[in-house]
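Hi,

Here is the model I promised to pass on. Have a look at it first, and then read my notes underneath.

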Amino acid sequence: MVAFGRLAVAGLAASAEALLLLSFPDIFNSVPKLAESPKIISTFPNQDERPIPGNSPIIQCDAQTPQLLDLQKVVIDPNPPAKGQNLTFVAEGVLKQSITDGAYVEVDVRYGFIRLIHQTYDLCEEVHNVDLECPIKKGAQTILKQVAIPEEVPPGKYLVVARAYTKEDVLITCLTASVEFPPN
């Protein structure tokens, strides 16, 4: 589903490290220095989030709410994503029911606290980007997608949240991810 690709491409954020550096200057030397490559930032975990196996920054949100997609594994390469490089994205999961026309995805992208995008996409129009078409049959699904991450991505922390619904407003899945792109 294109939401997965958009999550990986857009990147995400939330950094406790910045607060540590500002709040505890006397322990600055014990805090790891910021690297020149992007790094994955762990958000504050809560009871309604579930890490997805595969060592990616993608987390299932609204995890206590029933969802039609049981996402079993997400792998991204490179991990973390890097400016100017291709990102390969592989997701494996099981759909509990078929997805038909009228399904949609709500996507929010934030740059720090600033909302960059809040948009709703027609899921069936977007799944062509990952070589699927509606109806998406229930059962095991694998998505493989390669996307280019532009060199021009502004440095900073990005947070993406994507919620996919059937035309009857049943939650297909909720995914969130955060990525930090360092200055060049």
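Below is what I found in it, going through the sheets and then a couple of residues.

A word on the ground rules: this is a predicted model, so I kept local features to pLDDT of at least 70 and side-chain atom pairs to pLDDT 80 or more, while totals for chains, interfaces and linings use all residues. Numbering starts from 1 along each chain as its sequence is written, and side-chain values use heavy atoms, with hydrogens and water left out.

**The sheets**

As a reminder, strands of a sheet pair through backbone hydrogen bonds, either parallel or antiparallel. Strands here are DSSP runs (E, at least two residues), numbered from the N terminus, and two strands pair if DSSP finds at least two bridges between them.

One open sheet has 6 strands in the order 1-2-9-8-5-6, with antiparallel pairing. Its edges are strand 1 (50-51) and strand 6 (114-122), each of which pairs on one side only. Inside this sheet, strand 5 (residues 104-111) and strand 8 (residues 156-165) run antiparallel and are joined by 8 bridges. If you want a spot to look at, Glu106 sits opposite Arg163 in strand 8.

There is also an open sheet of 3 strands, again antiparallel, in the order 3-4-7. Strand 3 (69-77) and strand 7 (139-148) are the edge strands, each pairing on one side only. From one strand to the next, the twist averages 15 degrees (axes are lines fitted to C-alpha atoms, and angles run from 0 to 180 degrees between N-to-C directions). Strand 4 (residues 86-95) is linked to strand 7 by 10 bridges, and the two run antiparallel. Asn86 stands opposite Ala148 in strand 7.

**Tyr111 and Ile114**

Tyr111 belongs to strand 5. Is Tyr111 buried or exposed? Neither, quite: Tyr111 is partly exposed, because its relative accessible area is 29% (buried is under 20%, exposed over 50%, partly exposed in between, with a 1.4 Å probe and protein chains only). Setting aside neighbours within four places in sequence, Tyr111 is in contact (heavy atoms within 4.5 Å) with Leu116, Pro154, Pro155, Gly156, Lys157 and Tyr158. Tyr111 and Glu180 are 69 residues apart in sequence, and 9.7 Å apart in space from C-alpha to C-alpha.

Ile114 is in strand 6. Ile114 counts as exposed because its relative accessibility is 51%.

Shout if anything is unclear.

Cheers

Technical notes:
Helix = DSSP H or I, 4+ residues; strand = E, 2+ residues; numbered from the N terminus.
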